[in-house]
Amino acid sequence: MSAAQKAALRLHVRTDEVGRLLRSGKLAGAVAASLRPGAAPAYCYWDKRPKIGIDAALEGAGYELLVKGGNKAKCPVCGHTAVNIDHKKRVCFCFKCEKGGHIGSLASQQGKRLA
Ligand SMILES: [Zn+2]
């Protein structure tokens, strides 16, 4: 199977359309991203994973929110209530065990995408 056929399957378009979309340059990045195994770009019409919010993604990953929609949570790794949540950058970080990352990656580990 060629790369174009794989891209067509992932993007739900005809194989001959892949070349046109690539030449147009609009979807070049999206096609390249869609060819990575298990990867789906976060904001795409072909991404059928259910959307969840930041709070739901954190709770699904084991974080206990101290206040709903707040910026503090309890760490599932060390149990310390020093996890900072940045809603704008969509990241979280524990200041005790120094573990954290993008909340979108927590959502994708649960088979969902961040709304
Ligand atoms: Zn921690």
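A residue is called buried if 20 or more other C-beta atoms lie within 10 Å of its own, exposed if 12 or fewer do, and partly exposed in between, with C-beta atoms placed from the backbone. The model is predicted: local features need pLDDT of at least 70, side-chain atom pairs count only at pLDDT 80 or more, and totals for chains, interfaces and linings use all residues. Residues are numbered from 1 along each chain as its sequence is written.

**Exercise 1.** State what percentage of the protein chain counts as buried, and give the pattern of its elements.

*Solution.* Step one: of the 115 residues of the protein chain, 18% count as buried. Step two: helices (H or I, at least four residues) and strands (E, at least two) are DSSP runs, numbered from the N terminus. Step three: the protein chain has 5 helices and 7 strands, and along the sequence they follow the pattern α-α-α-β-α-β-β-β-β-β-α-β.

**Exercise 2.** Describe the open sheet and identify its edge strands.

*Solution.* Step one: two strands pair if DSSP finds at least two bridges between them. Step two: the open sheet of 5 strands has the order β2-β3-β4-β5-β6, with antiparallel pairing. Step three: β2 (64-65) and β6 (100-102) each have a single partner strand, so one side of each is left without a neighbour in the sheet. Step four: β3 (residues 72-74) pairs with β4 over 2 bridges in the antiparallel sense, and A73 stands opposite V83 in β4.

**Exercise 3.** Place A73 in the largest nonpolar core and list its contacts.

*Solution.* Step one: a nonpolar core is a set of buried Ala, Val, Leu, Ile, Met, Phe, Trp, Tyr and Cys residues joined through C-beta atoms within 7 Å. Step two: the largest such core has 14 residues, of which A57, L58, A73, V83, C92 and I103 touch the most other members. The elements giving two or more residues to this core are α4 (54-60), β4 (83-86), β5 (91-94) and α5 (103-109). Step three: two residues are in contact if their C-beta atoms, placed from the backbone, lie within 7 Å. Leaving aside neighbours within four places in sequence, A73 is in contact with L58, Y63, E64, L65, L66, V83, I85 and C92.

**Exercise 4.** Determine whether E98 is buried or exposed, and describe its phi.

*Solution.* Step one: E98 is found in the loop between β5 and β6. Step two: E98 counts as exposed because it has 9 C-beta neighbours inside 10 Å. Step three: phi of E98 is near 60 degrees, a positive value in a residue other than glycine. Most residues other than glycine have a negative phi.
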